[in-house]
Amino acid sequence: MNRVFTEDTIVALATPSGVGAISVIRVSGPDSFVAADKIFLGKIKLLHAVSHTIHYGQIVDEPGLVIDDVLISVFRNPNSFTGEDCVEISTHGNPIIIKKIIELLTAKNIRLAEPGEFTKRAFLNGRIDLTQAEAVVDIINSRSEASLRGARNQLDGLLSKKINDLRQQLIDTSSFVELELDFAEEDIEFIDNTELIKRIKNIIREIEKLLATYSFGRVLRDGINIALVGKPNVGKSSLLNYILKESRAIVSHIPGTTRDVIREEVLIDGLLFRLFDTAGIRTSQDEVEGEGIMRSREAVKNADLVLFIDDVEQGFSYDLYDELISLTSSNNIIKVMNKIDIAEASTLEADVFLSAKTGFGTEKLFSIMKERALSGENYSEQSTIVSNVRHYNCLRKAKDNLNSALITSENKLSGEFISVDLRTAAVALSEIIGDVTSDDILNNIFSKFCIGK
Ligand SMILES: Nc1nc2c(ncn2[C@@H]2O[C@H](COP(=O)(O)OP(=O)(O)OP(=O)(O)O)[C@@H](O)[C@H]2O)c(=O)[nH]1
Ligand SMILES: [Mg+2]
């Protein structure tokens, strides 16, 4: 474990700012106990308290005025989240109290924490690796059960373990190649060329499997953007309202009702869908409607999936469909025929027939949406899934290096090239876990955290 004791002690509010039943102020670093003791009146000094114990007492200012009754939890290094000495002060959830306590602590040589600094210290002290630190942000930001599960697996170290295994295989293989180089004069073979090629191919295959989970992982983590698009009056807004179970968008029999793009989120079977209701697309002289229609086209371009909506009265609009497939892939389009309650429509073209008025057919729509969003993939809860673009890019880099090592070994070229490529691939994998990282990467990752985390 690479313990990096930091000089300074930091403080931040760990719970949301504002009024609440309880707020928690977190302090971490070598001066945590001494500083807290200076403003805390309890039965014993925190400096002498056993780790993982809770102490009741009062926070008092210099003139001895009581600020609040609090409970302080004590965590001694290395058994705390950050790996340092830590206290967590639970106060009444009043912003004035919190401000006062933080001021008292900063007057005792403690400084305000930067965003993500607690988690960064946990990483620097070897409590968690980089993928786990990133999982902490994902857990906090998770908007759906599916993304929470993915982040949970990552925090549990599923991804790290897999990456470590692959990296170890790479290092072992390159060691053989390097040994052979050392003994080049003696003509001893440590690994024959066929075995070497087999090993490299195996690792490439494993990396490809991980890369293949990315689109699924991204859907789990970020949700799916889905645009509701079609001619005016086909019932786009009605369908949005039906899905949301509320009268969110204005619905009327007048074509051209919706002007702005309306964005709402909904959870369907634990997956997050971001719905974009748009202005009906037609040729319009109206300036405002024209702007709305331009935004509808933008929404199509930005969407992961498009619900192309028609109704049984107007039928399937081939011209608009042709336009849509110039804006997005036809695989992304789900053809919806609405207002099935008015007339029989089985001769019309559609993936799903439904009624936004009665809800008939919407279950089928949801299952198609889910299937398309996950591209037919459904990994088990135990699967290692890549959902972070940084991890994806590192894996791509490793794969490129391995491909080049493969070509070199297939052409029986010098082992030196092979070993360099294998080592570079190993470094790319190390970057994922954070064994090799630049300050830039770290700053970039931890700046995304909120203060207090
Ligand atoms: N019978 C029936 N009427 C529907 C259905 N869905 C929508 N309507 C009616 O169709 C009309 C248009 O509905 P909207 O939801 O405003 O249509 P839109 O596609 O959002 O229209 P624009 O915003 O103008 O592009 C309204 O009068 C709705 O009540 C349906 O499934 N069945
Ligand atoms: Mg509308």
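1. Let's start with one pair of neighbours: strand E11 (residues 305-311) and strand E12 (residues 333-338) run parallel and are joined by six bridges. To see one such partnership, look for Asp 310, whose bridge partner in E12 is Met 337. Keep in mind as you explore that this is a predicted model.

2. What sheet do these strands belong to? E11 and E12 sit in an open sheet of six strands, in the order E9-E10-E8-E11-E12-E13, and its pairing is mixed. Strand E9 (262-268) and strand E13 (352-353) form the edges, each pairing on one side only. As useful background, strands of a sheet pair through backbone hydrogen bonds, either parallel or antiparallel.

3. For the antiparallel sense, turn to E9 and strand E10 (residues 271-277), which pair over seven bridges. Here Ile 262 stands opposite Asp 277 in E10. E9 and E10 make a hairpin with two residues between the strands, and in this hairpin Asp 269 takes a positive phi near 50°. When you follow a strand by eye, it helps to know that in a regular strand the side chains alternate between the two faces of the sheet.

4. Now step back to the whole chain, which has 15 helices and 13 strands. The chain is divided into three parts: domain 1 (10-129), domain 2 (136-213 + 384-434) and domain 3 (223-373). Notice that domain 2 is written as two stretches of sequence. The centres of domain 1 and domain 2, taken over C-alpha atoms, are separated by 42 Å.

5. How does the radius of gyration of the chain compare with that of a compact globule? The chain has 29 Å, whereas a compact globule of 453 residues would have a value near 22 Å. Along its principal axes, the C-alpha trace spans about 80 × 80 × 35 Å.

6. Two percentages describe the packing. Buried residues account for 39% of the 453 residues. Of the contacts between residues at least 6 apart in sequence, 64% join residues at least 24 apart.

7. Finally, have a look at ligand 1. Which residues come nearest to it? Of the 23 residues around ligand 1, they are Gly 235, Ser 237, Ser 238, Thr 258 and Gly 280. Helix H9 (residues 236-244) gives the largest share of this shell, with three residues. By character, the shell around ligand 1 divides into 12 polar, seven nonpolar and four charged residues.

Terms used. Residues are numbered from 1 along each chain as its sequence is written. Chains are lettered from A and ligands numbered from 1 in the order in which they are written. This is a predicted model: local features need pLDDT of at least 70, side-chain atom pairs count only at pLDDT 80 or more; totals for chains, interfaces and linings use all residues. A residue is near a molecule or strand if its C-beta atom, placed from the backbone, lies within 6 Å of it. Helices (H or I, at least four residues) and strands (E, at least two) are DSSP runs, numbered from the N terminus. Ala, Val, Leu, Ile, Met, Phe, Trp, Tyr, Cys and Pro count as nonpolar, Asp, Glu, Lys and Arg as charged, and the others, Gly among them, as polar. The radius of gyration is taken over C-alpha atoms; the globule rule is 2.2 Å times the number of residues to the power 0.38. A residue is buried if 20 or more other C-beta atoms lie within 10 Å of its own, exposed if 12 or fewer, and partly exposed in between; C-beta atoms are placed from the backbone. Two residues are in contact if their C-beta atoms, placed from the backbone, lie within 7 Å. Domain bounds come from an automatic or database domain assignment. Two strands pair if DSSP finds at least two bridges between them.
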